[in-house]
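Please examine the protein shown below, with its sequence and its three-dimensional structure side by side. The paragraphs that follow lead through its fold, its core and the packing of its helices.

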Amino acid sequence: MASEPSLDERPSLSGRQSLDGRQNLGERDYVSAGATQTAVKILVVGHFAVGKTTFIGSISEIEPLSTEETMTRAAEAIDDLKGVRGKTTTTVAMDFGRLTISERVVLYLFGTPGQMRFVQMWEDMARGALGALVLVDPERLADSFAVIDLIEQYGLDYAIAVNHFDGNPERAEASLREALDLLDDTPVVTCDARDEKSSAAALTTLVSYLLARAG
Ligand SMILES: Nc1nc2c(ncn2[C@@H]2O[C@H](COP(=O)(O)OP(=O)(O)O)[C@@H](O)[C@H]2O)c(=O)[nH]1
Ligand SMILES: [Mg+2]
């Protein structure tokens with residue numbers, strides 16, 4: 001038996017590209033007959049404009065569901081737009097996507113808004129989640145504190161994905177760990193939320209960590 005295909009070797013799907021170039025993947029593209037699949041719920045969390053919608057959009061094998069709305073003036077007063085590049089929409093509820101990472105494991109991704117006014121949503125979102133990927137903008141680290149507090153409050157294991165925005169200097173992992181007060185074994189990866197492979201690598205790191213912890 002061949003080993004499981006890596007993310008780079010996913011079956012090519014000639015003729016199945018949709019108009020926007022997104023591949024319309026169906027379960028049969030990945031799953032052999034009789035394979036038992038495990039659905040894993042993963043939260044993709046982070047503060048406003050950290051890249052959650054971008055991340056799920058780049059990686060989802062189904063057309064991601066995203067509830068973006070053009071920001072109203074009212075929301076502008078609430079969401080902190082300082083230092084946020086060209087952002088004209090905000091997620092009013094959540095993003096949803098799916099990623100098959102092996103024949104047996106399918107991730108269901110729930111992008112969960114970090115704005116404090118959505119806190120009541122976390123109760124539902126956290127239920128049944130195996131863990132969370134916390135997207136962090138190294139230039140706005142303080143904005144991640146509340147999100148990490150929430151994740152810890154709900155007892156979810158997590159990994160940090162530092163979303164690398166162009167032009168920003170790399171921040172040394174040690175200083176980032178210290179600033180975010182992370183445990184030694186909490187994984188920290190760098191990613192570009194616009195890039196499918198980079199986002200997939202971040203999720204794979206998280207899932208390996210979660211599965212190792214689940215024993
Ligand atoms: N340069 C760069 N821009 C990004 C990256 N990720 C997201 N963006 C942009 O940052 C803005 C906020 O991203 P969005 O996904 O809407 O953030 P959300 O509020 O967390 O869902 C958008 O204009 C994105 O195009 C990234 O990795 N690099
Ligand atoms: Mg969003």
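What percentage of the 215 residues of the protein count as buried? In this predicted model, 32% of the residues fall into that class. The protein contains six helices and seven strands, and along the sequence these elements follow the pattern β-α-β-α-β-β-α-β-α-β-α-β-α. Among contacts with a separation of 6 or more, 72% are made by residues 24 or more positions apart.

A convenient place to begin is strand β6, which spans residues 157-163. Six of its seven residues are buried, and the strand is thus mostly covered. Strand β5 (residues 131-136) runs parallel to β6 and is joined to it by six bridges; within this pairing, Gly131 stands opposite Asp157. Strand β7 (residues 188-191) is likewise parallel to β6, and four bridges join the two. Here Ile160 has Val188 as its bridge partner.

The connections between these strands include helices. Helix α4 (residues 145-153) forms a right-handed β-α-β unit with β5 and β6. Helix α5 (residues 173-180) forms a right-handed β-α-β unit with β6 and β7.

The strands lead on to the nonpolar interior. The largest nonpolar core comprises 43 residues, and those with the most contacts inside it are Ile42, Val44, Ala132, Leu133, Val134 and Ala161. Helix α6 (residues 196-214) gives the most to this core, contributing six residues. Which residues does Ala161 touch, leaving aside those up to four places away in sequence? They are Leu133, Val134, Leu135, Val136, Val189, Cys191 and Ala202.

Helix α1 (residues 52-59) deserves separate attention. Is this helix enclosed or open? Eight of its eight residues are buried, so α1 is largely enclosed by the rest of the structure. The buried residues are Lys52, Thr53, Thr54, Phe55, Ile56, Gly57, Ser58 and Ile59; Lys52 is thus buried, as is Phe55.

One partner of α1 is helix α6. The two pack at an angle of about 100 degrees, with their axes 8 Å apart. Angles of 65 to 115 degrees count as roughly perpendicular, and α1 and α6 are therefore roughly perpendicular to each other. Phe55, Ser58 and Ile59 make the contact on the side of α1, while Glu196, Ser199 and Ala200 make it on the side of α6. In a general α-helix, residues three or four places apart point the same way, because there are 3.6 residues a turn.

Methods. Residues are numbered from 1 along each chain as its sequence is written. Chains are lettered from A and ligands numbered from 1 in the order in which they are written. This is a predicted model: local features need pLDDT of at least 70, side-chain atom pairs count only at pLDDT 80 or more; totals for chains, interfaces and linings use all residues. A residue is buried if 20 or more other C-beta atoms lie within 10 Å of its own, exposed if 12 or fewer, and partly exposed in between; C-beta atoms are placed from the backbone. A nonpolar core is a set of buried Ala, Val, Leu, Ile, Met, Phe, Trp, Tyr and Cys residues joined through C-beta atoms within 7 Å. Two residues are in contact if their C-beta atoms, placed from the backbone, lie within 7 Å. Two strands pair if DSSP finds at least two bridges between them. A crossover is right-handed if, with the strands pointing away from the viewer, the path from the first strand over the helix to the second runs clockwise. Axes are lines fitted to C-alpha atoms, for helices over the stretch in contact, and angles run from 0 to 180 degrees between N-to-C directions. Angles under 35 degrees count as roughly parallel, over 145 as roughly antiparallel, 65 to 115 as roughly perpendicular and the rest as oblique.
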